[in-house]
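Visitor: I'd like a close look at one spot where two helices meet. Could you take me through that part slowly, and then show me how the rest of the chain sits around it?

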Amino acid sequence: MGGSVVVGLDGTGNSVPAVRWGAEEAAARGLPLLLLHSWVSQPLNIPITQEGADKKRFGAEVLESAASMALELHPGLSVTTEQVSQEAVDALVDRSGRAAMMVLGSRGHGAIAGFLLGSVSLHILGRAQCPVVTVREEETAAYGRPEVVVGVQEPGTQGESVLEFAFSAADAHHRSVRAVRAWETTTLAGFEFLAAADLPDEEERAAGEKEKLAGILAPWRAQYPGVHVVEDVQRGRVAQVLLRACSQAGLLVVGRRVQSTPMLLGPVVLAALHHSFCPVAVVPRV
């Protein structure tokens with residue numbers, strides 16, 4: 001994985017866990033860390049005057065403090081800072097094409113109004129070309145739980161970028177992967193040309209889904225032999241199943257389709273961002 005780990009900073013308390021998480025990720029993967037602050041996109045509740053010079057001074061203090069924290073946690077880490085006059089969304093999306101991943105802070109459980117304002121996070125998540133990790137302000141340690149949970153729904157190559165991110169994260173941080181596949185009970189509406197006797201029963205369907213999951217995971221097990229893998233097939237809606245599986249998760253990894261309309265994140269991604277109790281990585285499927 002090339003490029004930097006980019007952390008977007010707004011100068012509020014939710015920047016702290018994002019810096020901590022980003023520094024841990026950069027150190028574990030042997031990547032440089034880039035800390036970025038947009039002085040034109042500072043939150044409205046920052047107690048400074050509206051003069052540009054004051055905003056720049058505040059931004060410089062934010063970056064200096066964050067860099068000191070990252071180096072204190074991981075001495076020897078390559079850390080650079082950048083203060084920009086672009087809007088935060090544009091600056092971060094621009095850099096996502098060269099980044100290994102991006103980390104944003106979030107303002108607490110039950111909301112995705114992280115980084116600056118809710119729309120900022122959504123715009124970045126919908127447009128970034130690299131994986132974006134959102135970390136809530138109450139997170140005290142990166143990868144504080146033993147599992148990386150990943151949703152496995154897409155067939156073939158469509159889910160490869162999602163699985164690559166999940167397995168590489170687990171390998172770098174010595175965690176297990178819990179690969180979760182959800183399936184829903186078959187109804188007659190979906191098989192209107194079949195007799196009831198020809199419908200697959202639930203045991204057959206469950207066995208078939210387990211076989212599919214095992215087949216999808218086989219090459220990743222071979223590529224990452226040191227990563228312990230738990231195959232988890234459950235009946236239910238995808239979002240609900242994923243959230244139930246996260247009780248021991250240090251990270252939840254979900255994929256998003258690359259849309260012509262970039263704000264369409266999809267219901268599974270939005271549910272994860274709203275309700276997951278751990279950091280969430282949103283990975284574009286390429």
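Guide: Sure, let's go straight to the pair. Helix H5, residues 160–173, and helix H6, residues 202–223, have axes that come within 11 Å of each other and cross at roughly 35°. That crossing is right-handed. Keep in mind that you're looking at a predicted model.

Who does the touching? On the H5 side, the contact is made by Glu 160, Leu 163, Glu 164 and Phe 167. H6 answers with Ile 216, Leu 217, Trp 220, Arg 221 and Gln 223. Sort those residues by class and you get 5 nonpolar, 1 polar and 3 charged.

Zoom in on Phe 167, which belongs to helix H5. Its relative accessible area is 0%, so Phe 167 counts as buried. Leaving out residues up to four places away in sequence, Phe 167 touches Leu 217, Trp 220 and Arg 221, and also Val 177, Tyr 224, Val 227 and Val 229. Leu 217, Trp 220 and Arg 221 are also on the H6 side of the helix contact. For a sense of how the chain folds back here, take Phe 167 and Gln 223: they're 56 residues apart in sequence, yet their C-alpha atoms are 9.1 Å apart in space.

Now slide along to His 174, in the loop between H5 and strand E7, which covers 176–183. What's the phi of His 174? Near 60°, a positive value in a residue other than glycine. That's worth a second glance, because most residues other than glycine have a negative phi. His 174 is exposed, with a relative accessible area of 70%, whereas Phe 167 in H5 is buried.

For another helix, try H3, residues 88–96. H3 is mostly covered, with 7 of its 9 residues buried. The buried ones are Ala 88, Val 89, Ala 91, Leu 92, Val 93, Arg 95 and Ser 96, so you'll find an arginine and a serine in that list too. Pick out Val 89, which has a relative accessible area of 11% and therefore counts as buried. Setting aside neighbours within four places in sequence, Val 89 is in contact with Val 120, His 123, Ile 124 and Arg 127. One of those partners, Ile 124, is 35 residues from Val 89 in sequence and 5.9 Å from it, C-alpha to C-alpha.

Then there's Asp 10, in the loop between strand E1 (5–9) and helix H1 (15–29). Is Asp 10 buried or exposed? Buried: its relative accessibility is 1%. The C-alpha of Asp 10 is 7.5 Å from that of Ser 38, and the two residues are 28 positions apart along the chain.

You may be wondering about the cysteines. The structure holds 0 disulfides. Look at Cys 278: the closest cysteine sulfur is in Cys 246, and at 4.5 Å it's too far for a bond. The cut-off for calling a pair a disulfide is 2.5 Å between the sulfurs. Cys 278 is buried, with a relative accessible area of 3%. Cys 130 is buried as well, with a relative accessible area of 3%.

Finally, step back to the whole chain. There are 8 helices and 10 strands. Buried residues make up 50% of the 286 in the chain, with Phe 167, Val 89 and Asp 10 among them. Of the contacts with a separation of 6 or more, 78% join residues 24 or more positions apart. The pairing of Phe 167 with Leu 217 belongs to the helix-to-helix part of that picture. As for the outside, the accessible surface comes to about 13,100 Å², and 53% of it belongs to carbon and sulfur atoms.

Methods
Residues numbered from 1 in each chain as written. Predicted model: local features only at pLDDT ≥ 70, side-chain atom pairs only at ≥ 80, totals over all residues. Heavy atoms only, no water. Buried < 20%, exposed > 50% of the residue type's maximum accessible area, 1.4 Å probe, protein only. Axes fitted to C-alpha atoms, helices over the stretch in contact; angles between N-to-C directions. Helix = DSSP H or I, 4+ residues; strand = E, 2+ residues; numbered from the N terminus. Left-handed = near helix turned anticlockwise from the far one by under 90°. Contact = heavy atoms within 4.5 Å. Nonpolar A, V, L, I, M, F, W, Y, C, P; charged D, E, K, R; others polar. Areas by Shrake-Rupley, 256 points an atom, 1.4 Å probe, with all protein chains shown as cover.
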